[in-house]
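Hi everyone, thanks for making time this morning. I'd like to walk you through some charged contacts, so let's bring the structure up.

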Amino acid sequence: MLTYPSALSPNPAAVPLLIPMPDQIVDRIIAAIGAKSATLPDVEMARHRFRELYGTLDTKGRRRLEASNLLTPALLHALGLSPFIHQSLTRYPRFIHRLDDPFLSKKIDKHSLALNVGHAVSGQNTLESFSSRIRVFRLYHTLRIALRELSGLGTVTDTMKEMSDLADVVVGACLRFAWQTLTAQVGAPWLVRKGRKTRSRFSVIDLGKLGGEELNFSSDIDIVYLYDSEKGEIDGAPSSPPLPNAEFYRRLSELLTRLISEKTSHGFGFRVDLGLRPDGQYGDIASSLRSMEVYYEAWGKLWERAVWIKARHGAGHAPLTQSLLTTLHPFVYRKYLDFTAIEEIRDLKLKMDQENRLRRKGRDDIKLGRGGIREIEFFVQALQLIHGGKIPRLQCRSTLETLRRLRECGLIQERESGILTDAYLFLRRLEHRIQLIHQRQTQTLPADEEEQLRLARSLGFTGSSLAPLRSMKDRLSAYREAVHQIYTDLFHAPSTRSTSGVSRDILALFTGDIPPEIARAWLEENGFQEPERALATLQRLRDGPPSAHYVPKTLTRLNRLLPSLLQSVISSPDPDMALGYLLSFVEKIGARGTFYALLLENPPVLKLLTKVFGSSRFLSSHLVYHPELLDELIHPEQATIIKSKELMESELRDMLREASGDLELEMDLLRKFKNAEILRIGMNDIYSDMDIQSVTDQLSNVAAVCLTTAYQIARRIQLRRFSLPDDTRLPFIILGLGKLGGMELNYSSDLDLIFLYDDTANGNLPSHIDPAEFYGKLAQRFISVMSSKTIEGTLYEIDTRLRPSGTFGPIVTSLRSFQTYHQKSAWFWERQALIKARPIAGSREMFLNVESLIHEIVYASPLTEHDKNELLKIRGQMEVEIGKESHNRFHVKCGEGGLVDIEFLIQYYQLKNGKHDQNVRNPNTLLALKALEEKAIFSDREAQTLRGNYLFLRKFENRLQILENRSSPVFDPKAPGSAQLARRMGYRSTKGESAAERLFKDYRKITQENRMCFKRHIGDPT
């Protein structure tokens, strides 16, 4: 047995001697290897690095180098090719002591490796010391295996097997350490079976190249963590709550992954890829045996069948692994010829073809490119999936062995088997050398011609100048063309896909294993500002929503749909935003295939959907949260730009008929109605040039219709709760204030409301019912109908702080109390707020009386100098406390010269003139402005300026909200989205100025005009 050399222990304190090697010694060594020196990748580089390495060695190491006929030629070859090997040996010079015979001349079997790793980590009790030992162990054996192949002492198949064995023993050692560490902390996991307490088990299953024992020097290791059952728990300390098995194995798997893959000062063990587990990156890090069985039985896909062809036990409890592999055997190898699988394999082949086409835009990848390693592996696995169930001999993990068996079974010709075998071996040798140059995870030929020439010489191609490189490239090209021809001939029938109009490049982006740098470059070329994020999003779209499993029909629809959606995304105003919302939308829909069918059958809707996703954050969020609204985009009613309030009321009544008094259904239907109307208004706002006045009118009418209906529902429930007749007349009214009162709502406005009742007209209530309590409960019931969150969301948020005494006052107020409060106790701002008060719902008989009372409160008293100063003070406070403007922060509403300047200016003159002129009492800002203009309060030019400025700022506020989904009208003119915002405001770039600069220039001009006008008429609020 070859024991682990103690000289390999990491020793950071060791100081290299750094005594250069005499040139004559180097020349003598090179001369001693004779003809082999002609095949060195780079003689001068080997000479230079050999000399440096010699200077780090102790006397024993130098003597070994000078005397060895085995190690020295191997080192010269490796040093002439690989900076990685040079740097590693220079850092760990004592490796030289154990890199001579017999360590190079023969393979080390897996059993000996396992004993060696046990010796290497023996006595290491801390995470840091264990990690450093295991990483040095891995590095030493990687260098040993590399020297064997580079020198010709080992074959490429030896390398694949030894690297796979090395990964297994490293994972096994890490598992033992992780198990000991975790059980010492929390206890060991147990199960109770048939009344007996038994030990719970865990295993690591190898997949991919590791499973096939075909690992290369820089491969990720594809592994899956398995435990026996979720039903057990930890037998920990009596005082501690029991820890479920699932939680124990989650912690164990996380610690194990960290031990194997975390990078330290000594490098890493192996890069771990857990993406092949059930549900991929969204699934549990460790799965129970039963959950694995259920997943693959119900949801297993073709590519997962291919994955499990190479599955084998890696570490832990081997019988547990075997139990799963036995269970999954019928899933992997179907007993009968599977025609569905044939179609799916054709589909996978088409995806790979598109992938290759896209990849040719980038560097030359010998694994994933045309005629590369992947095509050989796909060819083999496709035939295994089709025939493996009927021909057990094909149930094999090794690519090379399966090629031999395919030939013996007559499924491929001897010529094909020979070509694919020779090509595979050549490509794997080339792959290994590419990776050894810098120990990078790549299969791409280096761009530098000198590095390519060194590769060619390392592979044994000889000659002067560039002849070795030409020979290598000719051989590589011949192999790849031959492989690709065999791969292409695998299926003769054409693949059918419903992807007309979708570019082949886009199809390729939805396949796996595209080199990220190529995909990123393509995405950047096609308008994505964040290609890295876009690539991650595409991967999530490709893999499906987290924890959402598809029936085959749904999966087929989704796979047909996504490339078309991406093509539409690229054409949208903001591809990054559109792709992000597309992901959210698909994940929200999950496995509901009817939505995908709807989109497939309606291409115009598909384009409109992605246009929305790339244009409006508000509408996109609306659609993501309510995907059922997608159906609304198909209906011709969506072409209705303006709906009357009466039409809205009629449509809502028709919807509510199906509820038959079911409160929960009524609340859902109310919200569905509102959501559909908001979508209609928003779509017409963006795409039909609906003017801002129409937008606010429509939004205000939707709110009024919903509010009135919600009140009728609350009223009905309240009357029945108190056993009163349905036709009982209730002297109760709901006032709308703020934007609702002024018919100026925007998309995210809450509703400012006041509830009033007439305490002098309560003859309809029985004497035992207290009116204040009755109407208070009615108001609360109404608020619940409006604000409660159901599965359809919230209808509207209600704000009642404008009631007398604000949040400290009762929720409802009698008319007499309301009048008394405003005559004796109200602040000026409360009087000002009532300018916009308007009865919305309740007793129609009270509407006129309440309007008269409000007008008396607001307009009966003259506007004093104190009131004027109070108005200026309030405006100044709003600017400072809400506006908070700076050089890069502007507030459209409350900032200097913002909307509030115009609103306060108009309200000032309403308060001043409303007593004698009813026309100026209108709660709508623009209608009040028109009345004031007719009174000559403002000149025609001044009124026209204020009207235009008001509409501009309302549109700006609207665009900020609908494009950016902001409830606060704050913007930064230099923010990334300012260009799109400017375009949506109608601006275009000129030679001298960008669209965003032009928008901000106009904004500053308008706000300055507003402030000047405000100061001219009222004074300076600052």
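Let's start with Lys 161, which makes a salt bridge to Glu 213, with 3.5 Å between the closest N and O atoms. Lys 161 belongs to helix 8, while Glu 213 sits in the loop between helix 9 and strand 4, so this pair ties together parts that are 52 residues apart in sequence. Please keep in mind that this is a predicted model.

How accessible are these two? Lys 161 is partly exposed, at 28% relative accessible area, and Glu 213 is partly exposed as well, at 24%.

Next, have a look at Arg 312 and Asp 206, whose side chains meet in a salt bridge at 3.4 Å, N to O. Arg 312 is in strand 8 and Asp 206 in strand 3, so here the parts tied together are 106 residues apart in sequence. Is Arg 312 buried or exposed? With a relative accessibility of 7%, Arg 312 counts as buried, and Asp 206, at 2%, counts as buried too.

A third pair is Lys 310 with Glu 214, where the closest N and O atoms are 3.1 Å apart. This one also links distant parts of the chain, 96 residues apart: Lys 310 is in the loop between helix 12 and strand 8, and Glu 214 is in the loop between helix 9 and strand 4. Both Lys 310 and Glu 214 are buried.

There is a network to show you as well: Lys 107, Arg 144, Arg 148, Asp 158 and Glu 162 are joined by salt bridges that share partners. And how many salt bridges are there by this count? The total comes to 50.

Thanks, happy to chat!

Technical notes: Residues numbered from 1 in each chain as written. Predicted model: local features only at pLDDT ≥ 70, side-chain atom pairs only at ≥ 80, totals over all residues. Heavy atoms only, no water. Salt bridge = Lys/Arg side-chain N within 4 Å of Asp/Glu carboxyl O. Helix = DSSP H or I, 4+ residues; strand = E, 2+ residues; numbered from the N terminus. Buried < 20%, exposed > 50% of the residue type's maximum accessible area, 1.4 Å probe, protein only.
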